[in-house]
Each structure stands twice: as C-alpha cells, then as structure tokens.
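I sat down with this model and a short list of things to look up. Here are my notes, in the order I made them.

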Amino acid sequence: MREKIYVTKPFLPSKEEYMEQISSMWENHMLTNAGNIHNELELKLREYLGTEECVLSVNGHMALEMLLQAMKLKGEVITTPFTFASTTHAIVRNGLIPVFADINEEDYTIDPESVEKLITDRTCAILPVHVYGNVCNVERLQHIADKYHLKLIYDAAHAFGVAYRGRPIGCYGDASVFSFHATKAFHTVEGGAVVTKDHILGDTIRHMRNFGICQDNGECMEIGTNGKMSEFHAAMGLCNLKHINEITEKRKLVVERYYSHLDKVKGIRTHKADMQIQQNYAYFPIIIEREKYGECRDELCQRLQDEGIFARKYFYPLTKKLACYGNDFSRDGTPVADYISASVLALPLYADLSFQDVDRICNIISRK
Ligand code: T4K
C-alpha cells in the first residue's frame, strides 16, 4: 500500500534544533505572554517582512479579527468570496457587512473594476486576499482606496515571503495579515501576524491581543481578546525561519516539475506569476476546463483520491455561499469566482514532495 499524499505536509526542523531553541524555558519558566523567544521572533519577522510593525498573534484569523476591530471600522467591506472562510468570518464577527466583488480569471485575485462598482457611502474598507500567494493588483487597489478615502487591508495569509517590484508584500495598503499555520510555507504550528507602518495601530493590536491591557499604565484600554502566541510556537518559528530559503527553493522545484508535465495536458490550466513577483510557491492550484479535459473537477479529485492523493478544493464553495450564511448574501454578481471555485483543485505541494510523486500525480491527471 502506497503512502497517502496530502495537499501539504508541514516542514519540521530537527528535534535537536527545536530542543535547543526551547531550552531556556526550563531556566526562566516564561512560557507565554510576550516572552523572550516571542519577542525575538517578532523582531526577526519585522526585518524579514520589511515592515515597520509586526505584531504576532495566536493565529492568522485572530490577527485579522483584531486588525478590523483596532481600525474601528463601521459599515461595508468590499472583499472577495474566493477565499478561506476566515476572511469573511472576520468581517462578519466584527459587525461589518461583507460585499463581494468578482475576481480575475488569470490569477484569481480581486478584480479592481468590480470593487469600484460596489463602492457606496456605506463602504469603509477594501479587503482583498493575495490568494495562493498571487499578488493582487496593488497599484489599482491603492488608487481606488485613495480616491474614495477607504482603508485597504490585505489578507496575506498565503503570501509570506512574497515581494512585488522588489517591495515586500506587507508594505502595500494600510495593513496586512499573515498566517503561520502548520499548512503554510512558513509556520509556527499555529500563528499569525499583523504588519503595518502605523505605529499607533501596531500598539493598539498589541494591547488588544492581551485583553486590551496597556502595559504602560495597566489600564484596560480596549475590549480586547486573548490573541497571544506562546513561547513554544514562537520557537518553532525561529527554527523554521532559518530554513525558509531552502524550503522555498525546494517548493519551486516541485512547482517547475508540475509545469513540465501539466503544460502539455489539454484542459488543465495553471497560472504563472509575472517576472515582477518574487514568489513563495505556497499552493499549486489547477483549473480543470471540463469541456476540453473531458472530466469535471470533482471527477478528477475523486480519481486522485482513489489513488491515495488528497488534493483539495481550495476554495469551494465561495464564502458567500457557506451554509452558516444561509441567504444572507446575493448568490449572483461574481461569475468568474463561481467558475473558478467550481473548477479549481489545489494539488499537493510541500518541500519534500518527491519528483517521483509529482510524476505519479501528473500521470493520473494526464491519464497515462
Ligand atoms: N485567510 C486565508 C486566506 C486563509 O487561507 C487562512 C487559513 C486564514 C485567513 C486564517 O489563518 P489561520 O487562522 O489558519 O492561521 C487549512 C488551514 O487550517 C488554514 O490555516 C488555511 N487558511 C486553509 C487554507 O487550510 P483545512 O481545514 O483545509 O486544513 P486541514 O486540517 O484539512 O489540513 C490540510 C492537509 O494538510 C491535511 O489533509 C493534512 C495536512 N496536514 C495538516 C495539518 C494541520 C498535516 O500534514 N499536518 C498538520 O498538522 O484548513
């Protein structure tokens, strides 16, 4: 029986490296609440991500919820439905109303023209997603945000290490959120961060993640939450950060191997990033064009599964159609997102996925 292949497999440093990283805790007994390891990771990530402020959080979702709360937004937020549940939930859980724009057929990021058409006097922010690590049209979106005086907040959960035109991705917009979940190219087991150039916003989120308590005066300044990252999680981040170049390089080779096979398969569409983007090779989505390929996405997904390969329908259904939202949102208005969501399959991608396994996956897809 062959080993099952999942959509991802988290990178792990050696046990020795991790033990060495956590050993100080047996001396100082500081396990959480912004200890030394946490603070070191926060500093290192700030440098790595090239931003003024990096505020670590217990996970990416909490980072997004806290960011929206800290910005004190009210009204409607224009966003994409082609994302993980987290993006939409964070908006709704903050008492805001998501308004769904369509996406680009090319790279599946939000379509700025569609965004502009949805702006009303109730709009307070735009919340695009750098989905799969693909870079949104940051220039056009900034232009729209400036023109209508809107906040521009990026869900960069998938985009750790990505840069556009030589500028780190977290430098665009008012603020961005990263996820460091185990399934991500860089992870802290569970974790995330808000990055921004706004120091006041950074401080507000620092208080918010600790129940709203301000360290300077001990006052509870915000109705905060518990969004703190523990020392054990931060230690995993420090270890993994040392390996990030090696991880990215290996993922790149896997992606190139996929292209070498799938570029020849009729009805299978892939996306290639343009030269101005420094990629992180976070996901490998393919679009199955049913008419040309002769099989729909679900049939291919099942055939792979029958062979022990667990590709994933990231992201189906669209978040606006999630069961928890019932009929809260219009089902129309996003034809491209509807099509991509019904046709996309994220193939397995991780640093030590062997070429042999990539070849096997591609042979199943090309029916060899
Ligand atoms: N915004 C966006 C756009 C996001 O995609 C996400 C999260 C967020 C915000 C929120 O960030 P976080 O709060 O999560 O930091 C996974 C992840 O849990 C989630 O982080 C991620 N996006 C989403 C796209 O994928 P599931 O439900 O698909 O995960 P799961 O458990 O099915 O894992 C996928 C496969 O990975 C498994 O089949 C096996 C493998 N796996 C998974 C884990 C957790 C392992 O081998 N080891 C592991 O420890 O959501």
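The entries below go through a sheet, its helices, a helix pair, a strand, one isoleucine and the cysteines.

**Entry 1: the open sheet.** A reminder to myself before I start: this is a predicted model. I looked up the strand order first and found an open sheet of seven strands, running β2-β10-β9-β6-β5-β3-β4 with mixed pairing. Which strands stand at the edges? They are β2 (53–57) and β4 (97–100); each has a single partner strand, so one side of each has no neighbour in the sheet. On average, neighbouring strands here are turned by 25° against each other, direction ignored.

I then picked out one pair from the middle of my list. Strand β5 (residues 123–127) runs parallel to strand β6 (residues 151–155), and two bridges join them. Ala 125 has Lys 151 as its bridge partner in β6.

**Entry 2: helices across the strands.** I wanted to know what lies over these strands. Helix α4 (residues 60–70) lies across β2, β5, β6, β9 (175–179) and β10 (192–196), and its direction is at about 160° to β9. Helix α8 (residues 199–208) lies across β2, β9 and β10, at about 15° to β2.

**Entry 3: a helix pair.** Next I checked how α3 and α9 meet. The axes of helix α3 (residues 36–49) and helix α9 (residues 231–242) come within 8 Å, crossing at roughly 40°. That angle makes α3 oblique to α9. I noted the crossing as left-handed. On the α3 side the contact includes Ile 37, Leu 41, Leu 45 and Tyr 48, and on the α9 side Ala 234, Ala 235, Leu 238 and Leu 241 are among the residues involved. Charged residues take part as well, including Glu 40 and Lys 44 of α3 and Glu 231 of α9.

**Entry 4: strand β13.** Is this strand mostly covered or mostly open? I found it mostly covered: five of the five residues in β13 (residues 284–288) are buried. Phe 284, Ile 286 and Ile 288 point one way, Pro 285 and Ile 287 point the other way, and all are buried.

I also looked up the partners of β13. Strand β11 (residues 268–269) runs antiparallel to β13 and is joined to it by two bridges. Strand β15 (residues 344–347) is antiparallel to β13 too, with four bridges between them. Ile 287 turns up in both pairings: it is the bridge partner of Arg 269, and its own partner in β15 is Val 344.

**Entry 5: Ile 91.** This residue sits in helix α5 (residues 85–93). Its relative accessibility is 0%, so I logged Ile 91 as buried. Setting aside neighbours within four places in sequence, I listed its contacts as Leu 68, Val 77, Thr 79, Leu 96, Ile 97, Pro 98 and Leu 127. I also took one long distance: Ile 91 and Asp 298 are 207 residues apart in sequence, and their C-alpha atoms are 30 Å apart.

**Entry 6: cysteines.** How many disulfides does the structure hold? I found zero. For Cys 136, the nearest cysteine sulfur belongs to Cys 171, 15 Å away. Cys 136 is buried, at a relative accessible area of 2%. For Cys 301, the nearest cysteine sulfur is that of Cys 296, 9.7 Å away, and Cys 301 is in no disulfide. Its relative accessibility is 7%, so Cys 301 counts as buried.

How values were computed:
Residues numbered from 1 in each chain as written. Predicted model: local features only at pLDDT ≥ 70, side-chain atom pairs only at ≥ 80, totals over all residues. Heavy atoms only, no water. Disulfide = S-S within 2.5 Å. Buried < 20%, exposed > 50% of the residue type's maximum accessible area, 1.4 Å probe, protein only. Pairing = 2+ DSSP bridges. Axes fitted to C-alpha atoms, helices over the stretch in contact; angles between N-to-C directions. Parallel < 35°, antiparallel > 145°, perpendicular 65-115°, else oblique. Left-handed = near helix turned anticlockwise from the far one by under 90°. Contact = heavy atoms within 4.5 Å.
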